[in-house]
Each structure stands twice: as structure tokens, then as C-alpha cells.
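Biologist: I would like to walk through this structure step by step, with a reason given for each answer. Shall we put it on the screen and begin?

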Amino acid sequence: MLNDIRYAMRGLRRNPGFTAIAVATLALGIGANTAIFSIVNGVLLRPLPFADPGRLVQLNETVAPFGIGAVAYPDLDDFRRQSTSFEAMIAYVPGSRNLQDIAEPERIATVAAERGLFRMLGIEPVAGRTFRDDDPSNVVVIGAGFAKRHFAGDPSPVGSKITLDGEGFTVIGVMPDRFQFPYRASHTELWIPWEPAPQWAHNRSYHADFVAARLKPGVGIDAARNELGVIAKRLEAQYPDTNRGRGVRITPLSDVVVGPVRNSLLVLLGAVGLVLLVSCANVANLLLARATARTREVAIRAALGAGRLRLIRQFLTESVLLALGAGLLAIAMATWGTDLLLQFAANQIPRSWEIGLDWHVLEFLLGICVITGIGFGLAPAISAARADLQTGLKETSGRASAGRGRLRDGLVVAEVSLAFVLLVGAGLLLRTFLHLQATPTGMVTENVLTLHVSGGAAASRYRELEERVTQIPGVRAAGFTQFLPLQDWNWTGHFTIDGRPRENPARQPVAELRFVTPGYFHALGIPLLKGRGLTDDDTSDTPPVILINEALARQYFPNENPIGRHTDRGTIVGVVGDVHQASLDRAPAPEIYHPVAQNAAQTDSGMSLVVSAKLPPEKLVSAVRAAIHEVDPRQVMFNVKTMQRVIADSLSDLNLYLWLMGLFAGLALLLATAGIYGVVSYAVSRRTHEIGIRMALGAERWDVLGMVLRRTLVLAGVGVVFGTAGALAVTRVLAKFLFDVKPTDPATFAAVAALLGCVAVLAGLIPARRASGVDPVEALRYE
Amino acid sequence: MIRLHNIEKYYEAGYGKTFVLRRITLDIKEGEFVTIMGPSGAGKSTLLSILGMLDGAWTGEFYFAEQPVHKLNTKQRVEINKKYIGFVFQSYHLIDNLTVYENLDIPLSYRNIKSAERAGMVCDVLDRFHIVGKKDLFPNQLSGGQQQLVAVARAVIANPKLILADEPTGNLHSAQGKEIMELFKKLNDEGTTIVQVTHSETNAQYGHRIINLADGWLVN
């Protein structure tokens with residue numbers, strides 16, 4: 001074996017060009033796989049970094065027709081008292097606070113949680129302590145990143161004071177560097193104690209935002225689900241007014257964290273696996289060509305007594321060495337690729353800070369090196385070992401056997417097929433992206449600036465801010481909304497229409513609720529279709545009014561004028577156009593717009609300002625900041641974006657997915673092109689003599705060119721046929737990512753087939769031109 | 001049919017030129033059977049390649065059927081090749097992965113002849129050369145003589161006015177060689193002009209006259 005390794009290394013060293021191309025080709029495939037696997041490993045495979053994370057779950061209540069929702073706080077109390085399956089149930093509220101009393105106020109992601117949170121998670125702080133049950137509400141546990149930023153020179157920030165939204169807090173502990181709870185897009189840095197307001201204890205309409213729980217050891221999730229189901233039924237019987245139709249859902253915490261990206265990551269892992277197969281096919285082709293050139297060497301080895309297995313082993317040793325060499329290069333490529341990916345997409349990948357190379361990744365790398373080494377090396381090894389001894393000894397340069405040629409053709413067909421599948425996948429995502437981009441949003445988004453203004457101001461103050469901003473030169477209109485459109489956020493509520501029978505909760509009319517100032521519609525160009533808009537006259541002292549959107553009017557007032565109709569949420573005074581609120585791929589839902597002036601409590605988390613400008617909105621940022629500070633110096637502004645950026649951000653997941661699929665498809669296309677070029681080029685070199693004969697017999701330059709290109713197109717054509725079958729089978733997994741495009745979209749398939757045809761012609765053109773330039777006299781003499 | 005005047009062929013070699021053919025002036029009439037002889041390296045095969053329009057890098061004047069070949073471009077020369085000329089090579093040069101039938105079909109396929117007509121012509125030649133039974137065999141399933149027979153059949157299939165044969169019996173034993181030469185004689189009797197290159201005095205006797213080459217020069 002050592003001899004085999006020595007010979008193999010010597011052989012590879014003597015052919016630096018071949019070795020470099022093979023290693024680079026494999027490294028592309030292995031590196032891409034390692035990069036994606038390191039993400040899959042960090043996100044999906046590695047357990048959550050809590051004590052015994054398999055026992056952590058999230059609780060939700062289910063209420064028809066809203067589906068999944070938050071747990072009512074009194075229900076949570078009942079679950080705690082009556083359930084025997086759980087060690088702990090902890091309610092928590094993610095939010096953000098303004099860190100004040102520092103040079104530049106900063107918006108910090110926070111979590112207000114019941115005091116048992118850290119005990120339930122089983123995580124110890126690196127300094128100080130976590131919450132105790134008797135802690136007052138003005139203590140805070142800080143993250144390591146926050147400690148580094150704000151207490152850099154302080155060996156222990158425990159005992160320090162910070163001010164959040166004007167309220168003083170004492171730091172009691174510092175969490176480890178990578179600790180994060182909950183997992184969400186913004187990185188939580190402060191944890192403060194939370195308890196429900198006294199009125200929550202008995203009002204089953206008050207919901208805790210989120211509830212995490214820990215199962216007792218040995219209790220299965222199904223048993224816990226059954227138990228809570230029974231308790232929910234009991235509560236339904238006990239409190240029919242509020243709890244009718246309420247159920248409980250228990251989801252493993254790991255599913256909550258990574259569930260949304262699981263399918264995407266697995267599809268990407270599959271896609272990158274196809275790239276590896278294309279790499280392998282390419283290198284197998286190179287090895288086959290090399291095996292042909294080594295026919296004489298193999299024959300001599302065989303003549304000297306090497307058995308077939310021994311020869312196969314020799315060839316496999318070389319291919320595994322190539323794969324291991326590629327693996328070393330792949331580590332660097334994977335590290336670089338992962339860093340680059342996370343640089344752009346850290347916010348879109350949960351647990352992104354936990355991604356990195358670890359032993360699992362290295363084991364994976366070693367595994368695919370050995371498997372691919374054997375995989376792509378086996379066919380050439382067997383082919384070489386089966387060569388005819390007598391013929392081989394007569395050969396000086398080696399001539400391809402028909403069988404070996406067919407194998408090479410087969411490998412190229414496989415490469416084209418795999419590239420086709422990936423290109424169709426990328427094509428379908430691209431079409432989805434383009435369709436979404438072309439979807440009318442219902443708003444005017446050009447020259448619109450948005451930013452979030454922190455809470456704490458009175459409702460009337462927002463109107464004041466709105467007026468002040470509108471006075472800025474270049475500003476066309478300005479308005480506030482509780483949440484900007486396209487934030488993947490919905491807040492749904494029931495409403496009743498006066499004069500219509502009261503339905504049970506499951507059948508009651510439902511609408512998305514929005515809270516806005518009068519200028520909002522003008523700022524976003526949302527048209528008023530009927531009635532009037534909101535005005536300054538709609539105040540807390542006047543009867544409540546609402547605007548509805550077209551979708552609500554269509555659904556609940558199909559044949560009547562809704563203007564003037566009374567609902568339990570206010571009188572309908574106007575109908576405005578539909579806007580894609582949740583996301584571009586979801587049709588606008590029925591919506592109710594409440595004036596903020598009549599719903600002051602809704603401004604607690606701050607409001608988003610929308611400014612429509614006559615000039616590029618970026619130029620207005622400082623003027624808007626100054627205007628807001630002029631009215632209220634304590635306000636913190638963040639998330640400053642143009643509306644077009646907001647829309648682009650809403651497509652960022654798809655965009656990332658599209659880029660990665662496109663990258664993998666591009667790699668596969670590149671490798672397949674190289675494969676086609678290699679095979680056709682090799683075939684031309686082998687057929688020089690035949691081409692010479694044909695030219696002597698009257699073939700013209702175009703005949704030869706056509707002959708070579710025909711062969712190229714046949715290879716590509718067969719590849720496209722198999723690729724079409726493969727893509728039809730595989731693209732179904734993309735269905736949930738597509739919008740307005742079927743997974744079998746004929747236009748995409750046709751475009752990809754045409755692209756591959758063109759690429760095949762280009763790949764075949766160089767060898768074809770070489771072939772058509774063959775000098776028949778020389779070619780015939782070559783014999 | 002063929003008129004050569006001061007044909008020269010040379011390769012650039014370092015500071016000078018290496019001549020392969022020097023001032024070849026020669027007439028070959030239609031219906032002639034001409035033999036070119038000479039030692040190895042004399043330029044016989046090169047002259048044959050020039051006559052067959054396979055080699056375009058030469059100087060001098062060359063008229064083929066009154067057409068000035070020296071003034072024609074490559075495409076026009078290929079047209080003359082297709083229209084008038086058939087080739088027979090010493091090592092047959094059949095295409096390995098094509099059957100006898102397909103090998104015979106190749107020259108016709110390059111002459112834009114419709115497939116039905118081609119099929120008729122191939123069958124006719126198979127019959128004429130008594131190789132119908134071999135039509136589905138590959139070259140490596142034939143003896144040398146049979147392969148050369150197919151090569152001659154391929155050379156005549158498009159009814160050329162001129163057959164150029166480069167050592168057509170060089171790889172054959174005497175009986176097979178004789179058979180091929182008789183075939184050439186017959187074709188010549190039927191009106192086909194034949195120019196052969198050979199080392200064999202016996203084969204040379206089949207021709208009407210012998211042209212000798214030495215070191216690229218025409219010698220008497």
C-alpha cells in the first residue's frame with residue numbers, strides 16, 4: 001500500500017497540469033459542499049446550546065380561524081398548575097429599548113422574561129448571576145457583546161447602572177459570548193425580569209407574547225401534548241366565552257429556531273451535492289483520458305504480474321490522493337465561502353454565530369473525500385485494469401477503446417443532466433424573484449424614506465412630528481404607522497358589524513389591524529377610493545372611526561356601501577386601496593386602519609415614519625432626524641431605509657437562496673462546459689486520422705465542423721433529455737419557494753435547454769475549429 | 001486533363017528552404033494510366049497530394065480540366081476534388097467505426113446526393129465489386145485485400161474522372177495486389193484516368209507510362 005501511495009504521488013507530481021486541474025475541479029465541489037454542510041451542521045445538526053435542549057419546547061395556543069397564536073396568561077397559569085409534564089413554563093416578551101445616558105442613544109434588542117428563564121435554559125453567567133425570584137424589576141442581565149462594547153475597561157460590569165427608556169437598571173450578570181435567547185433576527189443583548197400586570201391574571205384576552213417550557217425528564221412531547229390538550233378542553237368548558245375553540249400546540253424549540261430554514265438548507269445541500277457529482281464526473285473523465293494514455297504502462301505492469309485488483313488499487317490510490325489534496329484546498333475554500341456568506345446573510349440564517357468548522361465538518365470533509373475519490377476513480381480504474389494486454393503492449397500512445405469512449409460520453413451526459421437540473425432550479429427561483437419584483441405593491445415606493453421612532457411619546461406627539469417633518473423642504477408628505485408593510489408581521493383581530501348576527505369566534509369577521517396617522521396614506525400613495533381619509537378631527541374625544549381596505553369591502557360588504565357602517569372597532573368612514581402588507585407573495589388581506597389618535601396605547605413600541613420626498617430620500621435623513629429631535633430630543637431613530645430597500649429586504653431570503661442556487665448552477669454549468677470541451681477535444685484528437693480521410697474523400701471544412709458540433713449537440717441533447725426527467729422529479733421540492741411559477745414551467749425548461757445548447761456549441765467550437773483545420777496530408781501521414 | 005508547369009513545394013527550414021518538389025512540369029491526358037516511381041523521399045506522395053487538391057501550399061501553375069487550380073481558393077479546389085477525383089491509399093484508410101456500406105456512403109454524403117440515390121449507388125458498387133456480403137462488416141473484420149477492394153470501391157463510387165492511388169498494393173500480398181491492379185486496369189479501360197505511385201516494377205507495367213522522381217526533380 002505504501003508503494004502504491006509512493007507511486008501515485010510520483011505519478012501525480014509528474015503530471016502537474018493534470019493534477020492541478022483535477023484537484024481544483026474537485027476542490028470546487030468539495031469546498032462548496034463543506035461550506036454548506038458547515039452551515040447545516042451549525043444550524044440544523046448541532047443541538048441548541050442549552051442544558052438538555054431536547055426537552056425545551058415552545059407553547060402556543062391555537063384559535064380558529066387565526067391558527068397559531070400566543071398563550072393567554074391565565075391559561076398559562078392553569079397549565080402550570082394542572083400539568084405534571086413540565087419542569088418549567090416561562091413567558092417572555094422580545095422587544096427593544098433605548099439605551100440612554102450615553103453619548104449617542106442606542107436601540108438595544110431586549111427580552112423581558114419571567115425570572116425562571118435562565119434556570120430553565122440551564123445556562124450559567126460568566127460573571128455575576130442570573131435572575132432570582134425575589135429580584136426587583138430593575139435588574140438586567142447583559143450579553144458578553146454588550147459588556148465588551150459598553151464596559152470595555154471594566155473587569156466586571158456587575159453592579160453597574162444603565163438607563164433604558166429613562167428607567168435605571170442594575171447589571172447583575174453577564175452571559176457567555178455565544179449565548180442567545182430567543183433566536184431571532186436581532187441579537188438580544190439585555191434580559192430584564194418580567195411579570196404580568198395584575199389585571200392579566202384573570203383576563204383570558206391578555207396573551208403572553210411567547211412561552212418556552214422544559215419537559216420533565218422522560219416525558220415525551222406527545223404525552224405532554226395530550227395532557228395540555230385535556231387541560232385546554234377543561235378550560236374551554238370552564239370559560240366558554242373566551243376559550244371556545246382554543247387548543248394547545250407544543251413545538252420542539254429546535255424546530256421553532258431552525259424550522260423555517262430547514263427545507264431551504266436541505267435543498268441547498270442537495271443542490272451542492274449535485275455540483276460535487278458534476279465535479280466527480282469531470283475528474284472521472286480526466287482520469288479515463290489519462291488511463292487511455294497509460295494503456296501501455298498498465299499492460300507492462302500486468303505483464304510483470306500485477307493482478308487486476310492490484311491495478312485497480314493502484315488507480316484508486318491515485319484518485320483518493322487527488323480527492324484528499326482537493327480536500328485540503330476545500331477547507332480554505334469552505335472557510336472563505338462560509339465567512340463571505342455570513343458576511344452578507346448572517347441575519348437571514350438563525351444561529352449564524354454558531355456556524356464554523358468543527359470535527360463534524362472535518363469528518364464530513366474526510367468522508368466525502370474518500371467517497372468521491374473512490375467514486376470517480378473506480379470506473380477509470382476498472383477500465384484501465386481491463387485493457388487488453390496484447391494490444392496495450394503494441395500501443396505507443398494509447399488509443400481509446402469504444403467502451404471507454406461511451407463511458408466518457410456517459411459522464412458528460414450526466415454532467416449536462418445535473419447542470420440542467422440545477423439551472424432549472426435557479427431559473428425557477430429567478431422567475432419567482434422577477435414576478436415578485438413586478439408585483440404591484442399598492443404603494444408608491446419611489447423617493448420614500450422610512451425610519452422607526454422609539455416609543456414613549458404621547459399619540460398627539462406623533463401628529464406633531466408628522467407636521468414638523470412635512471414642513472422640511474423637499475418633503476411631499478409624511479405619516480406614521482405602527483408597522484411598515486412587508487415586515488412579515490401580522491396582527492389579526494375580530495370585528496363585528498352592527499346589524500349583523502353575532503357569530504361564534506370561529507366565524508366572526510377577521511381583519512389585519514393597522515394603526516396610522518392621517519398623513520400615512522398620502523406618504524405611501526395609498527389611494528382613497530371611497531368616503532374620507534383620517535383627519536386631525538379624529539381624536540380620542542370623538543367617536544372611533546376606521547378606514548377599511550378594498551379586500552375587506554369586497555369580502556364583507558360585497559353589494560353594499562360600507563361607508564357609515566358601524567363596527568365594534570369604529571365607524572367606517574373610508575375605503576382605501578389594497579397594499580401587500582405581509583409579503584409580496586400573499587394577496588392583500590382584509591384590513592382595518594385605526595387612527596393612532598384614538599388608540600394611544602398602540603404607540604408603546606414606537607412608530608415607523610414614512611416620508612415621501614420630491615428628491616432622493618437619502619438626502620433628507622439628517623433633516624428628518626433634526627426635525628424629530630427638535631420636537632422631542634429623547635427620541636431614538638433606527639432602521640433608516642428607503643421604502644424600496646424595505647421591499648428589497650422583504651425579498652432578501654429569496655434573493656439569498658437565488659444567489660446560492662445560481663452560484664451552484666453556474667459552477668455546474670462551468671464544469672459541464674469544461675467536460676464537454678474535454679470530451680469533444682479528446683475525441684477530435686483521437687479522430688484526426690479519420691478526419692483526414694474524410695477530407696481526402698471530399699469533406700469540406702463545414703462538414704467537419706458540423707460533424708464535431710453535431711456530436712457536441714447530441715451529448716448536450718441527451719443530457720437535456722435526462723436532465724428534464726431529473727428536473728421534473730426534483731423541482732417539486734422547490735414548489736413552496738415559488739410564486740406564480742410552476743415547478744414544471746415550460747418556459748424555464750426551454751430557456752435552460754437553449755442555454756445548455758448554446759454553451760455546448762461554444763464548448764465544442766474550439767475543438768471543432770481545430771478539427772476543421774486538420775491538414776489531410778499530415779493526418780494521413782500520421783498513421 | 002492535368003497540366004503542371006514549374007510546380008515547386010518547399011518547407012521553411014531554419015535559414016533556408018527544403019524543397020520537396022522542384023520545377024515539375026508535366027501533362028497527363030484524359031484516359032491515361034500513369035505510374036509515378038522513385039525512391040523514398042523523392043516527392044511522389046506529395047505530388048499525388050497536389051494532384052488530388054489535398055495540398056494547397058505550392059507554387060507554379062496547375063491546370064485541371066483547363067481550370068487554373070493555382071488561381072482557385074481552397075473551397076474551389078475541394079469542389080474539383082469532389083467532382084473529379086477518387087483516392088486509394090496504401091493503408092486503405094477506411095474508417096474503423098463505420099461498416100463497409102457506410103464507408104462507401106461517405107464520399108457520396110459529401111456531394112449532396114440524396115440518400116435514396118446514394119443507397120442505389122452504394123448497392124451498385126457493392127454488386128460491381130462483389131462485396132455485397134461484406135456490407136455490414138467493419139474494416140477490422142476484413143482481410144487487407146478486402147479492405148483495399150473496399151477502398152477502391154469507395155474511390156470510384158462517385159464516378160471520378162481521375163483516380164489517384166498511393167501505393168495501392170503496398171500492404172497486400174502478390175495475389176491480392178494483382179487483383180487490385182487488374183481492377184485499376186479495368187477502370188482505366190472504361191475511361192478513368194489513373195495516376196498511381198508505386199515501388200513495384202510489376203505494377204508499373206499496368207500503366208501507359210512511368211514518371212520518375214528523384215529528390216523532388218522529374219527525371220527521365
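Biologist: What distance separates the centres of domain 2 of chain A and domain 3 of chain A?
Modeller: This is a predicted model, and the domain assignment of chain A gives four domains, among them domain 2 (86–215) and domain 3 (416–438 + 651–783). Taken over C-alpha atoms, the centres of domain 2 of chain A and domain 3 of chain A are separated by 56 Å.

Biologist: Is Asn203(A) buried, exposed or partly exposed?
Modeller: Asn203(A) sits in the loop between β10 (190–193) and β11 (207–208) of chain A. A residue needs 20 or more C-beta neighbours within 10 Å to be buried and 12 or fewer to be exposed. Because Asn203(A) has 14 C-beta neighbours inside 10 Å, it counts as partly exposed.

Biologist: Which helix of chain A gives the largest share of the largest nonpolar core?
Modeller: In soluble globular proteins, nonpolar side chains tend to be buried together. Here the largest nonpolar core has 231 residues, and Ala668(A) is one of those with the most contacts inside it. Leaving aside neighbours within four places in sequence, Ala668(A) is in contact with residues including Leu274(A), Val275(A) and Val278(A). The largest share of this core, 20 residues, comes from residues 253–293 of chain A, which form helix α8.

Biologist: Which strands stand at the edges of the open sheet in chain B?
Modeller: The sheet has four strands in the order β2-β1-β4-β5 (chain B), with antiparallel pairing. Two of these strands have a single partner strand each, so one side of each is left without a neighbour in the sheet; they are β2 (16–28) and β5 (67–68) of chain B.

Biologist: Which residue in β4(B) does Leu4(B) stand opposite?
Modeller: Strand β1 (residues 2–13) of chain B pairs with strand β4 (residues 59–64) of chain B over five bridges, in the antiparallel sense. Opposite Leu4(B), in β4(B), stands Phe62(B).

Biologist: Which element gives the most to the side of chain B that touches chain A?
Modeller: The contact takes 15 residues from chain B and 13 residues from chain A. On the side of chain B that touches chain A, the elements giving two or more residues are α2 (74–84) and α3 (100–109) of chain B. With three residues, the element that gives the most to this side is α2(B).

How values were computed. Residues numbered from 1 in each chain as written. Chains lettered and ligands numbered in written order. Predicted model: local features only at pLDDT ≥ 70, side-chain atom pairs only at ≥ 80, totals over all residues. Domains from an automatic or database assignment. Pairing = 2+ DSSP bridges. Core = buried A, V, L, I, M, F, W, Y, C linked by C-beta atoms within 7 Å. Contact = placed C-beta atoms within 7 Å.
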